[in-house]
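Subject: A structure for you to look at

Hello,

Here is the structure I promised to pass on. Please open it alongside this email, and then read on for what turned up in it.

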Amino acid sequence: MRSLKILPAILVLSAVMPVPATAQQPTTVSEVIDKIVRQEQVEVQLLRQYSPLVETYIQNIRADKKLGAVPDGDKYFLGRAELAKGVELEPLEREAGMKRKVFGGWANLFSTEFVPRGFLQMIYLDLNGFDRQHYKIEYVRREFLGEVRCLVFDVDPLPKAGKGRFVGRIWVEDQDYHIVRFNGAYGGQSLITNYFNFDSWRTNVGKNLWLPGFIYSEEGSVRDAKTKNIGFRAFRAQTRLWGYDLGNVREEQELSKVLVEGPNTVNDQSEAANDYLPFQAERSWSRQAEDNVTERLERQGLMAPHGEVDKVLETVVNNLEVTNNLDIQPEVRCRVLMTSTLESFTIGHTIVLSRGLIDVLPDEASLAAIVAHELGHVVLGHRMDTQFAFFNRVRFDDKETFRHFDFARTPEEEQAAKSKGIELLGNSPYKEQSGTAQLFLQALKNRSKEIPNLISPHLGDRLLTSWTIVAAVFSAGPPDADLKPAANVIAALPLGGRIKVDPWNDELRMLKSKPVGAVAETEKVPFEVTPFVIYLTRQGDHSATEAPSAIIAKTDSEPKP
Ligand SMILES: [Zn+2]
């Protein structure tokens, strides 16, 4: 018998206990610098073996009287890096010619090829001679990034070192001397001719292995006259890399488990009735198609492996089902798409929400509103294309993914799911918490024109369809539900506000951070690009199955004794 489950509030927050670092002291600065240079050369070579996914989301900003700066147009790029070839990128296109469309507007400043590669380049400090012949490297101090003790250096190119050299500051962990963060710009003429400022983070994903995961960049200021003069539009951008170890670890573990079990284990169900009736065969066939699609997306790094965030979503599904007396077979599952785009869809009985969407939702009630709509599709039996139950149908080139998979619905299905979703939500306890979901939708509506690429789905429904559902349910709600957020209410979170991603194996965790006090009006930045502040940790040997938890949005830059 199932019952309502109480989710520990998604925003539950707990303090993070720093683990004391056991580090050796540097001997002389000069020796340390030699070690750093050597380690960075190793890093550049090491990276050549990887082909992570790279996502860059760029938001132009404009001045706003009340809020300081607000989004004003955006760009989105998703591709697979081929680091063996330097900063090569294979775009994963939503449709043919997308690349041109997305970046066309920047043609006056950048070539269309340039922009995504330019952002990818920021995983390297200097591909072409980071050493003492080209740089002056000066020790500044010691500082903790998260729980990792670092040595901080200022880096400047020597005169005549050539153009495109890095200028800025580096953080070096003090055990093996990996550069774990660098913050600055490429000077002179580089791939990116406008010297974008950037802050590039590497996270520890295994013993002695630090890989680029997060880059925040920005250029220009809405107040800066110089920015206006060169006809350049101020922007902020987040670049994320993940999927360094797609499938490998899991497959190996799975296979070795099977091998350990030995050949004598048989699937012994001989006493049970185990032949399939036709309707069961049909169900099983659909499930096969679902599994094929989700497995394929996971292998490509587009879908997170099943984990803790899925369980949060499944709890919401459970609560909707229980209060609506539903018993859906086969049971509804939930998965998370890795991208920052805001989208949701169903694949048979699998409900998929994007990481980006979950990130910006303010609370469980607003999450339930989105889930209710998708559950509407499931309840109404909206089918997926079961041709994917044939294994050959899920074999295709990476870059064709978005052409082969499309889970958007017909307008008729949308309309029906909308009504169903309203009904499901109306019977649920979430109905009582109308305020926040309503505010979220209002915020999204208000912003939608400025963030068209963020709300363009790769695979599923536009969120637009889910908006109306909430409006309908909640307009019948408490009449005093004011659309103006109260002082401490946040209508929608900035990008990346909730989930941390492990760049190595794509595992997702809910962020743990301390509760924030009062948030100023200018600090509420719904749907906005904000800087990354990564809570760095050290991992053990990566053969361990435990998930690295690399990032927690918590500033911790105070030097500790
Ligand atoms: Zn829909």
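To start with a small puzzle: does asparagine 325 count as buried or exposed? With a relative accessibility of 72%, asparagine 325 counts as exposed, because the cut-off for that word is over 50%. Please keep in mind that this is a predicted model.

**Unusual backbone spots**

Asparagine 325 sits in the loop between H7 and E11, and its phi is positive, about 50°, although it is not a glycine. That loop, which runs between helix H7 (308-323) and strand E11 (333-337), also holds proline 330. The peptide bond leading from glutamine 329 into proline 330 is cis, with omega near -15°. Such spots catch the eye because most residues other than glycine have a negative phi, and most peptide bonds are trans.

Lysine 160 is another non-glycine with a positive phi, of about 65°. You will find lysine 160 in the loop between strand E5 (148-157) and strand E6 (166-173), and its relative accessibility of 87% makes it exposed.

**Helix H9 and the cores**

Helix H9 covers residues 364-379; its 16 residues should span 22 Å at 1.5 Å a residue, and the 21 Å between its end C-alpha atoms agrees with that. Of those 16 residues, 15 are buried. Glycine 381, just after H9, has a positive phi of about 70°.

The largest nonpolar core has 84 residues, and those touching the most other members include Leu375, Phe405 and Phe440. H9 gives the most to this core, with 8 residues. A second, separate core has 45 residues, among them Val37, Ile58, Ile170 and Leu211. Back in the largest core, the contacts of phenylalanine 440 include Leu357, Pro362, Ser366 and Phe527.

**Aromatic rings**

There are 11 aromatic pairs. In one of them, tyrosine 50 and tyrosine 244 meet edge-to-face, 5.4 Å centre to centre with 85° between the planes. Tyrosine 50 is in the loop between H1 and E1 and tyrosine 244 in the loop between E10 and H5, so the pair ties together parts 194 residues apart in sequence. Tyrosine 50 is buried at 9% relative accessibility, and tyrosine 244 is buried at 5%.

Phenylalanine 182 and phenylalanine 198 also pair edge-to-face, at 6.0 Å and 90°. Ring pairs link these two with Phe166 and Tyr186 into a cluster. Lastly, the charged end of arginine 181 sits over the ring of tryptophan 171, 4.2 Å from its centre.

Enjoy exploring it!

Notes. Residues are numbered from 1 along each chain as its sequence is written. This is a predicted model: local features need pLDDT of at least 70, side-chain atom pairs count only at pLDDT 80 or more; totals for chains, interfaces and linings use all residues. Side-chain values use heavy atoms; hydrogens and water are left out. Helices (H or I, at least four residues) and strands (E, at least two) are DSSP runs, numbered from the N terminus. The expected span of a helix is 1.5 Å times one less than its number of residues. Buried means under 20% relative accessible area, exposed over 50%, partly exposed in between (1.4 Å probe, protein chains only). A nonpolar core is a set of buried Ala, Val, Leu, Ile, Met, Phe, Trp, Tyr and Cys residues joined through side-chain atoms within 4.5 Å. Contact means heavy atoms within 4.5 Å. Rings of Phe, Tyr and Trp (its six-membered ring) pair if their centres lie within 6.5 Å; planes under 30 degrees apart count as stacked, over 60 as edge-to-face and the rest as tilted. A charge sits over a ring if NZ of Lys or CZ of Arg is within 6 Å of the ring centre and within 35 degrees of the ring normal. Lists of a residue's contacts leave out its neighbours within four places in sequence.
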